[in-house]
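Here's a quick tour for anyone meeting this structure for the first time. Have a look at it below, and then we'll walk through a few spots together.

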Amino acid sequence: MNQNQTVHVIGAGLAGVEAAYQVAKNGINVKLYEMRPVKMTPAHHTGNFAELVCSNSLRGDNFNNAVGVLKNEMEKLARENSVPAGGALAVDREAFSKAVTDFISNQPLIEVIHEEVTTLPEGPTIIASGPLTSDALSNEIKDLLGEEYFYFFDAAAPIIEKDSVNFDIAYYKSRYDKGENEYINCPMTVKPKDFEEKFFEGCMPFEEMARRGKQTLLFGPMKPVGLSKPDGTRPYAVVQLRQDNVQASLYNIVGFQTHLTWPEQKRIIHLIPGLENATFVRYGVMHRNSFICSPKYLNQDYSLKNHEGLYIAGQITGVEGYVESAQSGMIAGMNMVRHLNKQEPIIFPRETVMGALSYYITHCEAEHFQPMKANFGILPDLETRVKKKLRKEAYANRAVEVMDEFINGLK
């Protein structure tokens, strides 16, 4: 390998910084392009790397949850800025993003370039520009693929000040008393009024859920099960607030992603008991997320078919979620190094969550391809029959065992 070789990484989100780090730690120069803050997106608020846009939760923090199996090198950094979230891992958005920015910016082999990429650079490149890729680069990708790529609309939830919550009504509790009582719960004892486009089912605006049926929200973000009030009674519905920063001064409204106008958001949320005087730090926003049809264009190592030395990582590939994006950047970065060293790519076993995700996005039916989060349902069936309540643990144990064996085989 030419030691003067440079790899271009476009985008400094979770996937981009992970890919850049994987390449640089192997002694290869990296040019990391990030257009923010020179040019902002509709959803980002800062120019820092790895900014968490929709939520501050990295989801389940144990190996009985599929995403827990994915939490590897990223986990230690995230924990340094973690905030309580019951059975989930959540981080202070600003502290986490700043920590990642400082770490990557101080890598001697990574050159950070703050400018919009409008044409693909010559040489080995990893595209990790994310679902909010600029119009100019989107057109480049469309031309590269020879057709339009897909999109869905994504939404972020509002954030409010804790001091504006009415604790004469609201109370602290985690569902089923799992972990510490870290969520603020706003109970409803009567049926709420009905709340007055192509959506991704995993991040649907709450008003769209409400439109689908009067009871829909009760089986979604307002589910009251396991959230009894201090007097032991169970409310008809509950709206939960999750801590959003280390100081515990800001809380986001769990599951209340929305694209309502700001005055309408304020009106409706002020109808929630306990939030009648809520002060908004950020209103919910709606933005367009784009992704390629990976079954048609991507190999399992995240390299682009028929384009040597070109890799794509992150949510633009159709992996959905923070940890999922980071792991795709890791795989793309590792395989870029192997490509430059003229080695065979690393294809993780399907029994692992990393392998299952890369297999799913590259092998599912292209016509119906939609973004996918980590879940045990995309892994191969267990070899032996296991009781339902033990299946998640069995999937997790198998994934860990297979991954350990696979990694040892790479040494």
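Let's begin with one arginine. Not counting residues up to four places away in sequence, Arg 398 touches Glu 351, Leu 379, Pro 380, Asp 381, Leu 382 and Glu 383. Bear in mind that this is a predicted model. Arg 398 sits in helix α11, which covers residues 391-410. Is Arg 398 buried or exposed? Its relative accessible area is 9%, under the 20% cut-off, so Arg 398 counts as buried. Two of the residues it touches also turn up as polar partners of its side chain, as the table shows.

| Partner of the Arg 398 side chain | Part of the partner involved | Distance |
|---|---|---|
| Pro 380 | backbone oxygen | 2.7 Å |
| Glu 383 | side chain | 3.1 Å |

Now over to the sheet. Five strands make up an open sheet, in the order β6-β2-β1-β7-β16, with parallel pairing. The edges belong to β6 (110-113) and β16 (310-312); each has a single partner strand, so one side of each has no neighbour in the sheet. From one strand to the next, the twist averages 20 degrees. At the β16 end, β7 and β16 pair in the parallel sense over three bridges, and Ile 126 stands opposite Tyr 311 in β16. Helix α1 (residues 14-24) lies across β1, β2 (29-33), β6 and β7, and runs at about 165 degrees to β2.

Strand β2 is also home to Val 30. With a relative accessible area of 1%, Val 30 is buried. Which residues is Val 30 in contact with, leaving aside neighbours within four places in sequence? They are Thr 6, Val 7, Val 9, Ala 20, Val 23, Ala 24, Leu 109, Ile 110 and Glu 111. Take Ala 20 from that list: Val 30 and Ala 20 are 10 residues apart in sequence, and their C-alpha atoms are 6.4 Å apart in space.

That brings us to the nonpolar cores. The largest one has 61 residues, and those touching the most other members are Val 7, Val 23, Val 30, Leu 32, Ile 126, Ile 141 and Ile 292. Helix α9 (residues 322-340) gives the most to this core, with eight residues. Ile 126 has contacts well worth tracing: leaving aside its neighbours within four places in sequence, they include Val 7, Val 9, Ile 10, Val 23, Tyr 311, Ala 332 and Met 336. There is also a second, separate core of 28 residues, with Phe 256, Leu 260, Ile 269 and Tyr 283 among them. As a general point, nonpolar side chains in soluble globular proteins tend to be buried together.

Last stop: helix α5, residues 135-145. Its buried residues include Leu 137, Ser 138, Ile 141 and Leu 145. Why do they line one face of the helix? Seen down the axis of α5, the buried residues fall within an arc of 105 degrees, so they share a face. In general, an α-helix has 3.6 residues a turn, so residues three or four places apart point the same way. The face of α5 turned away from the buried side carries Asp 135 and Asp 143, which are exposed. Covering the buried residues of α5 are, among others, β1 (6-10), β7 (125-127) and α8 (294-297). After α5 comes Gly 146, with a positive phi near 85 degrees.

Methods: Residues are numbered from 1 along each chain as its sequence is written. This is a predicted model: local features need pLDDT of at least 70, side-chain atom pairs count only at pLDDT 80 or more; totals for chains, interfaces and linings use all residues. Side-chain values use heavy atoms; hydrogens and water are left out. Buried means under 20% relative accessible area, exposed over 50%, partly exposed in between (1.4 Å probe, protein chains only). Helices (H or I, at least four residues) and strands (E, at least two) are DSSP runs, numbered from the N terminus. The arc is that of the directions from the helix axis to the C-beta atoms. Contact means heavy atoms within 4.5 Å. A nonpolar core is a set of buried Ala, Val, Leu, Ile, Met, Phe, Trp, Tyr and Cys residues joined through side-chain atoms within 4.5 Å. A polar contact is a pair of N or O atoms within 3.5 Å; within protein, one must be able to donate a hydrogen and the other to accept it, and residues adjacent in sequence count only if both atoms are side-chain atoms. Two strands pair if DSSP finds at least two bridges between them. Axes are lines fitted to C-alpha atoms, for helices over the stretch in contact, and angles run from 0 to 180 degrees between N-to-C directions.
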